[in-house]
Amino acid sequence: MKLIILNNENEVAKKTAQIIGDKIKEKPRTNLGLATGSTPIKTYEYLVKMHNEEGLSFKNVITYNLDEYCSLDQYNINSYRYFMNQHLFSKINIKKDNTHFPDEDNFDVYDSLINSCGGIDLQLLGIGVNAHIGFNEPSDAFSLYTSHVNLSESTIKENSRFFDTIDEVPKTAITMGIGTIMKAKKIVLIACGEKKEDAIFHLIKGPIMPKYPASVLLLHPDLTIIVDNKAARKLKNMEEKCKIT
Ligand code: GLP
């Protein structure tokens with residue numbers, strides 16, 4: 001595991017976009033796993049900038065988003081398809097047919113779809129305040145496959161900031177499983193702000209347990225965690241465990 005602690009959200013986004021951009025330059029037909037939430041928005045802004053100013057091409061890139069709410073169609077401003085169109089896809093030269101989201105119709109074939117194209121080369125992740133990844137909530141077991149899940153009260157409350165009222169937040173979602181995520185060849189997890197300090201602490205300190213879903217990532221052979229100072233606040237004396245840059 002490699003831990004990169006940077007000064008602020010902007011530096012986190014720039015570094016993350018560079019890693020993604022380098023992967024696309026090395027392998028133009030990259031299979032990218034993408035995340036939503038407020039944290040990756042700036043990363044997507046940098047990728048758009050790299051597209052406009054440096055000619056970074058997404059012509060052959062294929063994307064698989066981590067998750068999607070049930071009951072919101074793609075035109076709903078709170079759907080993750082809408083989010084990705086708004087922040088990235090409409091601003092780069094990606095082909096719409098190459099962008100994939102799990103949904104209620106395809107979730108049982110989503111993993112085989114990913115496998116059939118060679119697997120995810122780079123998976124971008126955010127992290128929930130309760131250490132969820134995708135919509136894999138704290139539970140008694142790690143989920144293996146993309147599936148239909150119930151959202152926890154804390155996630156519904158946390159995500160209600162995007163909706164007019166908390167009652168509008170869907171109670172269920174489709175998410176890549178922990179097993180699906182762990183199969184990615186490379187994982188980059190980003191987190192910013194003090195409200196993520198506990199989640200980052202549990203991710204890095206362990207123990208690996210489904211109560212802290214992100215903790216399983218410690219078993220991944222190519223994991224990079226990029227955080228700002230605020231999200232790293234609880235990481236004292238962790239140098240031995242992580243290669244810190
Ligand atoms: C949602 C998404 C997660 C994301 C999390 C954190 O629940 N399903 O993939 O990591 O939010 O979002 P934010 O970056 O807004 O804190």
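In this predicted model, the side chain of Ser 38 places an N or O atom 2.7 Å from an oxygen atom of the ligand. Two further side chains make contacts of this kind, and the table sets out the three distances together.

| Residue | Side-chain atom | Ligand atom | Distance |
|---|---|---|---|
| Ser 38 | N or O atom | oxygen atom | 2.7 Å |
| His 132 | polar atom | oxygen atom | 2.9 Å |
| Arg 161 | polar atom | oxygen atom | 2.7 Å |

With a cut-off of 3.5 Å between N or O atoms, the distance of 2.9 Å for His 132 counts as a polar contact, and so do the values of 2.7 Å for Ser 38 and 2.7 Å for Arg 161. The ligand, taken alone, exposes 390 Å², and the protein buries 96% of that area.

The surroundings of the ligand comprise 14 residues, of which the closest are Ser 38, Thr 39, Asp 67, Arg 161 and Lys 196. Sorted by class, this shell holds 8 polar residues, together with 3 nonpolar and 3 charged ones. The space that the ligand takes up is the largest pocket of the model.

Aromatic rings form a further topic, and the count of aromatic pairs comes to 6. One of them joins Tyr 69 and Tyr 80, whose ring centres are 4.9 Å apart and whose planes meet at 45°, so the pair is classed as tilted, the class for planes that are neither under 30 degrees apart nor over 60. Because Tyr 69 belongs to strand E4 (residues 67-69) and Tyr 80 to helix H3 (residues 80-87), the pair ties together parts that are 11 residues apart in sequence.

The loop between E4 and H3 also contains Ser 71, and the backbone of Ser 71 has a phi near 70°, which is a positive value in a residue other than glycine. Another backbone feature is found at Gly 206 and Pro 207, which are joined by a cis peptide bond with an omega of about -5°. Pro 207 is placed in the loop that runs between helix H7 (197-205) and strand E10 (223-228).

Conventions. Residues numbered from 1 in each chain as written. Predicted model: local features only at pLDDT ≥ 70, side-chain atom pairs only at ≥ 80, totals over all residues. Heavy atoms only, no water. Near = heavy atom within 4 Å. Polar contact = N/O pair within 3.5 Å; in protein donor to acceptor, adjacent residues only side chain to side chain. Areas by Shrake-Rupley, 256 points an atom, 1.4 Å probe, with all protein chains shown as cover. 1 Å grid on protein atoms, 1.4 Å probe; cavity = no way out; pocket = protein on both sides within 12 Å on 5 of 7 lines; lining within 4 Å. Sits in = over half its atoms within 2 Å of the grid points. Nonpolar A, V, L, I, M, F, W, Y, C, P; charged D, E, K, R; others polar. Phe/Tyr/Trp six-rings, centres within 6.5 Å; stacked < 30°, edge-to-face > 60°. Helix = DSSP H or I, 4+ residues; strand = E, 2+ residues; numbered from the N terminus.
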